Amino acid sequence: LPIYNTLEDRNYFSEEDCNKILPVIYNDSISTGKINDKNVVIIILEGIGASFIDSVNVYSDIQKSANKELMPFLNSLSSKSLVFTNAFANGRRSSAGITAVLGGFPALDPFVYMLSPYSHNEVDAIAGLLAGEGYSSQFLCGCNPGSYAFGAMSHTFGFSSFVDRIGYARIMGDNNFDGNWGIYDHAMGQLLLKTINEINKPFIVSWFTISSHGPFKLPDEYKGRYTSPDNSMDQMVEYVDDVLEEFFHNASKTDWFKNTIFVITADHGSLRDNEFYNTPNTLYRIPMLIYTPDGSIKPQKSQTITSQIDIAPTVLGLLGYNKPYITFGSDALDSSRPHYAINLVNGLYQIVEDDYLLQYDVQADKPVALFHQSEDPEMKNNIISEYPQEANKLELRLKAFLQQYSTRIKENRMAYRNNSK
């Protein structure tokens, strides 16, 4: 796809009506309350969609023959976590996924926010908001310098520092380069632990893994451990599971571990050999789990529709953050907010809300398909003529989202203090 660096104007409603259909201001009052100072670790897995992880794959029961247990550790951790089984990626590129998770808004393909003229706009990203509460922060990704414009992005989103392959080499030496993308995940996991041990508390730290991106190359010391074919995505998923297990095992021995909220998600899904998982519904499903070692969040599976842009407001809610901010997502535990997921698939905007998935053609200015996302995961039965009210509800929400999105980015109103510009 070509990359577009500017956004089109979207003017469907008055601003007042748009805000009613899709509110984007959280905590619309000033409070003097204090947040609970828990640490935050957000781990973003490269390309590991929900279909790779039995415990978060809502379709695992009907597709048992399609998978073997590739991530036993993550399955085990899920049993101790709050798991969202209807979590969606907002895009198919890493740049879109990272923007959504850490920025709180999507970069809908083919628009790439960090390559746009708006990239230096002020945004209410979670790291920046928590910096105002005294949090230290760091973003780590073992990628080569310049990849995904992560250095600039981390600064825009309020992280105090960013560590890539060169940063890793300065601290640990450059002896774990995979020959392609950057530093192997197991080595970056070791640096992640070292970073957190040394950083001032409280902190927010995020790590984006890279080893499950093709071309796949397993580190020598991990060869012979796995049953999946060599140099395959499945083999690298098994490897990443081991990396996570090693990190959590070592982290559990530290004094900061029990006072930390861990979030594990993915930047996007990946195509599978099993075509069932390659539809615009199933391909976009990702893991989203929240684990608190102190047991403050009770383990459960939630069917709430969520997406990457919901991670920041959900974590901020758990922290008790109560100052106003702009977000396109919702706290997934807040029943007073709408819960939906939006992405752009093959030129069609797609919104999932309640049990419905609507596809909308912006150029033709009309919805073209509606599906029961739970009953019809392969999207074989278009029911738009049978459920016009449901289609209209989702169309209004989608249009309000697109208007808020384009207007606020273009007018630099993505931060609450700029809201009235």
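**Entry 1: Phe262 and its ring partner**

I started at Phe262 in this predicted model. Is Phe262 buried or exposed? With a relative accessible area of 1%, Phe262 is buried, since the cut-off for that word is under 20%. I then looked up Phe257, which is buried too, at 7% relative accessibility.

The two rings form an aromatic pair, with 5.4 Å from centre to centre and 50 degrees between the planes. That pair counts as tilted because its angle is neither under 30 degrees nor over 60.

Next I asked which cluster holds both rings. Phe257 and Phe262 belong to one aromatic cluster together with Phe73, Phe203, Phe247, Phe248, Trp256 and Tyr291. For the whole model I noted 30 aromatic pairs.

**Entry 2: charges over rings**

I went on to arginines placed over aromatic faces. Arg165 lies over the face of Phe177, 3.5 Å from the ring centre. Over the ring of Phe52 I found the charged end of Arg272, at 3.8 Å from the centre.

**Entry 3: empty space inside**

How many cavities of 30 Å³ or more are there? I noted six cavities that reach this volume. The largest cavity holds about 60 Å³ of space.

I wrote down its lining in chain order: Ala50, Ser51, Val56, Asn57, Val58, Tyr59, Thr85, Tyr277, Thr282 and Arg285. Sorted by class, the lining of the largest cavity has five nonpolar residues, four polar ones and one charged.

**Entry 4: cis prolines**

I checked two peptide bonds that lead into prolines. The bond from Lys201 to Pro202 is cis, and its omega is near -5 degrees. Pro202 sits in the loop between helix 7 (185-198) and strand 6 (203-208).

The bond from Gly214 to Pro215 is cis as well, with omega near 0 degrees. I placed Pro215 in the loop between strand 6 and helix 8 (233-251).

**Entry 5: positive phi**

Asp37 is not a glycine, yet its phi is positive, at about 65 degrees. Asp37 lies in the loop between strand 1 (25-26) and strand 2 (39-45). How accessible is Asp37? Its relative accessible area is 26%, so Asp37 counts as partly exposed, between the cut-offs of 20% and 50%.

Asn346 is another residue other than glycine with a positive phi, near 50 degrees. Its place is the loop between strand 11 (340-345) and strand 12 (348-353). Asn346 is exposed, with 75% relative accessibility.

**Entry 6: His268**

I found His268 in the loop between strand 7 (260-266) and strand 8. Is this loop residue buried or exposed? His268 is buried, because its relative accessible area is 9%, under the 20% cut-off.

Which residues does His268 touch, not counting residues up to four places away in sequence? I listed Glu46, Gly47, Ile48, Gly49, Ala89, Gly91, Arg92, Arg93, Ser94, Ile286 and Gln308. I also took the C-alpha separation of His268 and Leu140, which is 18 Å for residues 128 places apart along the chain.

**Entry 7: Thr209**

Thr209 is in the loop between strand 6 and helix 8. Pro215 is found in the loop between these elements too. At 1% relative accessibility, Thr209 is buried.

Leaving out residues up to four places away in sequence, I have Thr209 touching Ile44, Leu45, Glu46 and Asp185. Glu46 is familiar from the previous entry, being among the residues that His268 touches. For a long-range distance I took Thr209 and Pro377, whose C-alpha atoms are separated by 29 Å with their positions 168 residues apart along the chain.

**Entry 8: Thr292**

My last stop was Thr292, in the loop between strand 8 (288-291) and strand 9 (300-307). Is Thr292 buried or exposed? Its relative accessible area of 4% makes Thr292 buried.

Once neighbours within four places in sequence are set aside, Thr292 is in contact with Thr260, Ile261 and Ile297. Thr260 belongs to strand 7 (260-266), and Ile261 falls in that range as well. Lastly, I checked Thr292 against Cys141: 151 residues apart in sequence, and 23 Å apart in space from C-alpha to C-alpha.

Definitions and conventions. Residues are numbered from 1 along each chain as its sequence is written. This is a predicted model: local features need pLDDT of at least 70, side-chain atom pairs count only at pLDDT 80 or more; totals for chains, interfaces and linings use all residues. Side-chain values use heavy atoms; hydrogens and water are left out. Rings of Phe, Tyr and Trp (its six-membered ring) pair if their centres lie within 6.5 Å; planes under 30 degrees apart count as stacked, over 60 as edge-to-face and the rest as tilted. Buried means under 20% relative accessible area, exposed over 50%, partly exposed in between (1.4 Å probe, protein chains only). A charge sits over a ring if NZ of Lys or CZ of Arg is within 6 Å of the ring centre and within 35 degrees of the ring normal. On a 1 Å grid over the protein atoms alone, a cavity is a set of points where a 1.4 Å probe fits but cannot get out, and a pocket is an open set with protein on both sides within 12 Å along at least five of seven lines; lining residues have an atom within 4 Å of a point. Grid points are joined across faces, edges and corners, and a volume is the space filled by probe spheres set on the points. Ala, Val, Leu, Ile, Met, Phe, Trp, Tyr, Cys and Pro count as nonpolar, Asp, Glu, Lys and Arg as charged, and the others, Gly among them, as polar. Helices (H or I, at least four residues) and strands (E, at least two) are DSSP runs, numbered from the N terminus. Contact means heavy atoms within 4.5 Å.
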